[in-house]
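Open your viewer and keep the selection box at hand. We will move from one selection to the next, and at each stop I will tell you what is there.

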Amino acid sequence: MRARTALLLVAAVPLTVTVAATALKAGHWRLTRFPYGIRLEPLPRPDCPDCRGEGGWWTSGPYPDMEACWCWAERREVSLRLLPRSTGIDEPPF
Ligand SMILES: [Zn+2]
């Protein structure tokens with residue numbers, strides 16, 4: 001029974017990694033690694049009819065400003081903590 005479970009895990013891990021990599025590539029996300037986890041941030045879609053992958057456009061008027069496009073600004077950022085944050089108590093001061 002344990003060998004069967006181990007075999008299923010060996011088969012499932014590469015499949016999970018493949019699905020995650022496909023989702024990242026298809027969803028136009030940027031993966032950022034930081035010391036305690038990862039962050040997924042949306043990127044502008046190259047096929048967007050409004051910004052054409054630029055992520056926004058400049059407004060006109062005396063004070064032009066960059067307006068963010070809906071194709072990335074309305075999607076949520078996802079942060080995943082993989083390790084607990086250090087409290088600093090058990091670390092040396094310098
Ligand atoms: Zn857009």
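Select Glu54 to begin: this residue lies in the loop between E2 and E3. The E labels are strands, DSSP runs of at least two residues, while helices (H) are DSSP runs of type H or I with at least four residues, and both are numbered from the N terminus. Is Glu54 exposed, partly exposed or buried? Glu54 counts as partly exposed because 13 other C-beta atoms lie within 10 Å. The scale behind that word calls a residue buried if 20 or more other C-beta atoms lie within 10 Å of its own, exposed if 12 or fewer, and partly exposed in between, with C-beta atoms placed from the backbone. Now add Pro44 to the selection: Glu54 and Pro44 are 10 residues apart in sequence, and their C-alpha atoms are 6.6 Å apart in space.

Before going further, a word on what you are looking at. This is a predicted model, in which local features need pLDDT of at least 70 and side-chain atom pairs count only at pLDDT 80 or more, whereas totals for chains, interfaces and linings use all residues. Residues are numbered from 1 along each chain as its sequence is written.

**Around the same loop**

Select Arg52 next, which is also placed in the loop between E2 and E3. Check its backbone: phi of Arg52 is near 55°, a positive value in a residue other than glycine. Most residues other than glycine have a negative phi. Arg52 is partly exposed, because 14 other C-beta atoms are found within 10 Å.

Move to Asp50, again in the loop between E2 and E3. Asp50 counts as exposed because it has 12 C-beta neighbours inside 10 Å. Which residues does Asp50 touch, leaving out those up to four places away in sequence? They are Cys69 and Cys71, where contact means that the C-beta atoms, placed from the backbone, lie within 7 Å. Draw a distance from Asp50 to Cys71 and you span 21 residues in sequence but 8.6 Å in space, C-alpha to C-alpha.

Keep Cys71 selected and add Pro46, another residue in the loop between E2 and E3. The C-alpha atoms of Pro46 and Cys71 are separated by 9.6 Å, with their positions 25 residues apart along the chain. Pro46 is exposed, because 11 other C-beta atoms lie within 10 Å.

**The sheet**

Now select residues 29-34 for strand E1 and 78-81 for strand E5, then residues 37-42 for strand E2. Three strands form an open sheet here, in the order E1-E2-E5, with antiparallel pairing. E1 and E5 are the edge strands, each pairing on one side only. Neighbouring strands of this sheet are turned by 15° against each other on average, direction ignored; the axes are lines fitted to C-alpha atoms, for helices over the stretch in contact, and angles run from 0 to 180 degrees between N-to-C directions.

Turn on hydrogen bonds if you like: strands of a sheet pair through backbone hydrogen bonds, either parallel or antiparallel. Two strands count as paired if DSSP finds at least two bridges between them. Zoom in on E1 and E2, where six bridges join the antiparallel strands and a hairpin makes the connection through two residues. Click through these partners:

- Trp29, whose bridge partner in E2 is Pro42
- Arg30, whose bridge partner in E2 is Glu41
- Leu31, whose bridge partner in E2 is Leu40

How many residues of E1 are buried? The count is zero among its six residues, and E1 is hardly covered. On to E2 and E5, which pair in the antiparallel sense over four bridges. Select Arg39 there and you will find it opposite Ser79 in E5.

**Zooming out**

Show the whole chain and trace it from the N terminus: the elements run α-β-β-β-β-α-β, giving two helices and five strands. Of the 94 residues, 3% count as buried.

Finally, colour by pLDDT, the predictor's confidence in each residue, from 0 to 100. The protein averages 77, and 62% of the residues score at least 70. Confidence is lowest in helix H1 (residues 2-27), at a mean of 53, and highest in strand E3 (residues 56-58), at 95. Where pLDDT is low, the predicted coordinates should not be read in detail.

Methods:
Two residues are in contact if their C-beta atoms, placed from the backbone, lie within 7 Å.
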